[in-house]
Amino acid sequence: MNRIEQLKKLEEKQIWDIIIIGGGANGLGTAVDSASRGYKTLLLEAVDFAKGTSSRSTKLIHGGVRYLEQGNFALVIEALKERGLMMRNAKHLTKNESFIIPNYNWWGGIFYTLGLKFYDHLADKLSLGTSKYLSKEKTLSLLPSIKEKGLRSGVLYHDGQFDDSRLAINLAQTAIEKGACVLNHCKVTQLLKNDNNKIIGIVTIDEETQKQYTIKGKAVINATGVFTNAIMKLNDTDYKKYIVPSQGIHLVFDKSFLPGDHALMIPKTSDGRVLFAVPWHDKIVVGTTDTLVKKSELEPIALEEEIDFVLETAQRYLTKTPTRADVLSVFAGLRPLVAPENKGQSTKEVSRSHKIIVSETGLITITGGKWTTYRKIAEDIVDKTIEVHQLRKRKCKTKTLSIHGNRKNSIKDFENHLFVYGTDKISILQLQKSEPELKEKLHPNYDYTLAEVVWAIRNEMATTVEDVLARRVRLLFLDARASIECSNKVAHLLADELGHDEIWIQNQLANFKNVANGFLLKEFRVS
């Protein structure tokens, strides 16, 4: 996955079958689907792969217990099927996670046991394990850090967990391996139209060099998530809102707040939301919220009331009480929810189902959806594109397509942080062997090494400090202060590998510190 090679492909004068704008879950999934069917495919991402919502999820691949309660069985069945496929096609990035619901009333144990048995039934052959009722004593033995007072019982069930931005990188690699041209840091600035007002291509600027490219294509897909409205402004004469952004935040704590392998699920918090506390890369991720926001920001910041809500809810259930000083990182993401027909709907009621919009210009736009169903969404988008633009029909191949890095066996050593690289792990170890100086740790408190940074630059199209520390090595999401402390090493490695000067290094460090401070609570930000 070499950026220079991909730019050479871009410069070849050709008409692409499918041009995809946006390098998040939906865009990358579409690129893999399209390229694997044999279509000439181009994907352009304005910043970096999974820069937006797709790196800021709760890290779960799940049917959605909440949707079951809402009676949205079709979405649950589809998501459970896709969960099973993802866990088969990307074994190196996924994990069967057990969740425990603690019940502090007499009816919760029966109610959730019955509901989750039905959840198991809907998963059918792709079930990850049987849910079961737990006594109070068993619940405490499995979750020793939850409060005992008032506890009546528990329910254990299984769902999937994954690393979102690592999957995004592997999807980009898979698309390239299937013949697609995939580029980050390329912003689409214009949609080209013919005399009949039909889209025939795009104009893009390489943000690294400021070089402009005019590209022709048979079909253009808008997969820009929370920035859908901005592309629609380039497309429509009459502007309307197609998506509404809803913010969800997560707080990251040390593993000591929830020791063990089980995740905690609170099905109904004080305001009716679901809250998860999930083990992830030896930390605990706690979230989320659901707050309607007016504007889609590239760097959304957690609101103080959201931070307070997550903290207070965690404090209500955990014996080791988390405080603001214990927050290692806070990250906010924006969900691109389909704009509701009914203005009175709350964000919790807006469907997470995806919707495909076909404009008069021929632009195909995808709104809504979630990581779990990215593969099915991509299949639907490409099918619709074939129909609208009368492309030669070819069958979808992604149900059984292995994602880059996928292991043949499902044995994973979760103790070794390199497990997320799958089959690439050997190459990173070889890199350490051939260049011993790359064995050096990025940060004394973490196992990440310089070899992973160099690997990200040479093989994963990382061009900035943030690309590396946020979405290749996940340190910004795990410990924002530590990521700032090792950013200097990363900047110098990038400069050495890519041929940048000291001014570029200093600009990178300033830019990254600015972004990383948004992942710290305000009183702990680095000046």
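Phe 99, Tyr 119, Tyr 157 and Phe 276 come together as one aromatic cluster. The model is a predicted one, so to speak of local features takes a pLDDT of at least 70, side-chain atom pairs count only at pLDDT 80 or more, and totals for chains, interfaces and linings use all residues. Residues are numbered from 1 along each chain as its sequence is written, and side-chain values rest on heavy atoms, with hydrogens and water left out.

Searching the whole structure turns up 14 aromatic pairs. Trp 107 and Phe 111 make an edge-to-face pair, because their ring centres are 5.7 Å apart and their planes stand at 80°. For rings of Phe, Tyr and Trp (its six-membered ring), pairing takes centres within 6.5 Å; planes under 30 degrees apart are stacked, over 60 edge-to-face, and the rest tilted. Trp 107, at 36% relative accessibility, is partly exposed, and Phe 111 is partly exposed too, at 43%.

Back in the cluster, Tyr 119 and Tyr 157 also pair edge-to-face, with 6.2 Å from centre to centre and 85° between the planes. This pair ties together distant parts of the chain, 38 residues apart: Tyr 119 belongs to helix α5 (residues 108-123) and Tyr 157 to strand β6 (residues 153-162). Helices (H or I, at least four residues) and strands (E, at least two) are DSSP runs numbered from the N terminus. Both Tyr 119 and Tyr 157 are buried (buried is under 20% relative accessible area, exposed over 50%, partly exposed in between, with a 1.4 Å probe and protein chains only).

Charges turn up over rings as well: the charged end of Arg 273 sits over Phe 309, 5.2 Å from the ring centre, and Lys 320 lies over the face of Phe 257, 4.4 Å from the ring centre. The criterion is NZ of Lys or CZ of Arg within 6 Å of the ring centre and within 35 degrees of the ring normal.
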